[in-house]
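Colleague: I am new to this structure. Please take me closely through one part, the arrangement of its strands, with enough of the surroundings to place it.

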Amino acid sequence: MLSAISRYRHTISLYRLWNLLLVKLSFFISTKVKKTVFTAMPVSISIEPTTACNLRCPECPSGLRSFTRPTGNIKFELFKRTIDQMHSHVMQLNFYFQGEPFIHPQFCDMVSYAHAKKIYTMTSTNAHFLHPAQCTAVIQSGLDELIISVDGTTQETYELYRKEGDLSKVLQGAKNMIEAKKNTKSKTPYLVFQFLVVKHNEHQIQDLYRLAEEYGIDEVRLKTAQIYNFKQGSDLIPEQEVYSRYRKTPNGEYQIKNQLLNECWRMWQGCVITWDGRVVPCCFDKDASHVLGKMENESFKAIWKGEQYTNFRNQLFISRSKIEICQNCSEGSKVFSDI
């Protein structure tokens, strides 16, 4: 298994390290004075390849086909212009927001472009498109990390959340990627089995660890499920509270565990860019209700340091709980644990 230091070694440059230090310093000072003092450039970004998805998961806008924003695939030229503006300071790029990334016909081309800029590239997939030729193309693109969603160890359990999904395709896709790595003697991509813990699959967690070990997967990550209408409970909330982002109160309602401190590291270290170039605060803004700028007609630096972004950051210091996208957030004030 590759260590985090080994996996990120190729991203390190003096300028990126200096920028990272400034990001941390900016966040620290701003939280002390409760006002945005200054902002260095982000070290981590997410770019949305597509909003399209082959599955119909019940708590996902892509799965429900319920977006109020436009849907589509990012154009390669827009992606390229974005990376050209940001590669000097960005260390990590997540090719994911909503949708299934491998549906985009130029996914591997985009990965290759970012990889050539020495950016750590990663994505999350439902693994239904990982046929042997695709796996070879992924390795050739230089993708550093591949997160495979395995939300059940039996088809019966898996399909309760991954509607219209086929677990056998997921596991075969994982095998195909492992085989391709062996055939090419490649250490990448780093392979992760991600398990969205819900009530109907929490009893299979240990089975997942055994499965990952059997396959030769590098890491298992457990993820709490976001429930849109959680206050009255849900059939998806796990019985074991340790695996839930909510807790049951004495009056029978549920509340989020997060204290929602009036600060957020995410607003200093990164952002999300939708397929059509809208810059939004983070991955909780799934419908892009807080557009802070548009890459089509603005430079990223002007957006990141602009009045709209500054005003949004300052709102966090006043009352984060009043910002809609923050009310269901699992993130507190965490310093650089995303990278």
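Modeller: The protein has 12 helices and 11 strands, where helices (H or I, at least four residues) and strands (E, at least two) are DSSP runs, numbered from the N terminus. This is a predicted model, in which local features need pLDDT of at least 70, side-chain atom pairs count only at pLDDT 80 or more, and totals for chains, interfaces and linings use all residues. Residues are numbered from 1 along each chain as its sequence is written, and side-chain values use heavy atoms, with hydrogens and water left out.

The setting comes before the strands. Along the principal axes, the C-alpha trace spans about 55 × 50 × 35 Å. Of the 339 residues, 56% are buried; buried means under 20% relative accessible area, exposed over 50%, and partly exposed in between (1.4 Å probe, protein chains only). Among contacts (heavy atoms within 4.5 Å) between residues at least 6 apart in sequence, 69% join residues at least 24 apart.

Now the sheet. Strands of a sheet pair through backbone hydrogen bonds, either parallel or antiparallel. Here, 9 strands form an open sheet with mixed pairing, in the order β6-β5-β4-β3-β2-β1-β9-β10-β11; two strands pair if DSSP finds at least two bridges between them. The edges are β6 (219–224) and β11 (293–294), and each has a single partner strand, so one side of each is left without a neighbour in the sheet.

At the β6 edge, β5 (residues 190–197) runs parallel to β6, joined by 6 bridges. One facing position is F195, which stands opposite L222 in β6. The approach to β5 is the loop that follows α8 (167–184), and P189 is found in this loop. The peptide bond from T188 to P189 is cis, with omega near 5°.

On the other side of α8, the loop between α7 (155–161) and α8 holds E164. E164 is exposed, with a relative accessible area of 58%, and its phi is near 70°, a positive value in a residue other than glycine. K34 also has a positive phi, near 60°. K34 is found in the loop between α2 (14–33) and β1 (44–47) and is partly exposed, with a relative accessible area of 44%.

Finally, β7 (246–248) and β8 (254–256) have N251 in the loop between them. N251 is exposed at 59% relative accessible area. Between N251 and Q269 there are 38 Å in space, C-alpha to C-alpha, although they are 18 residues apart in sequence.
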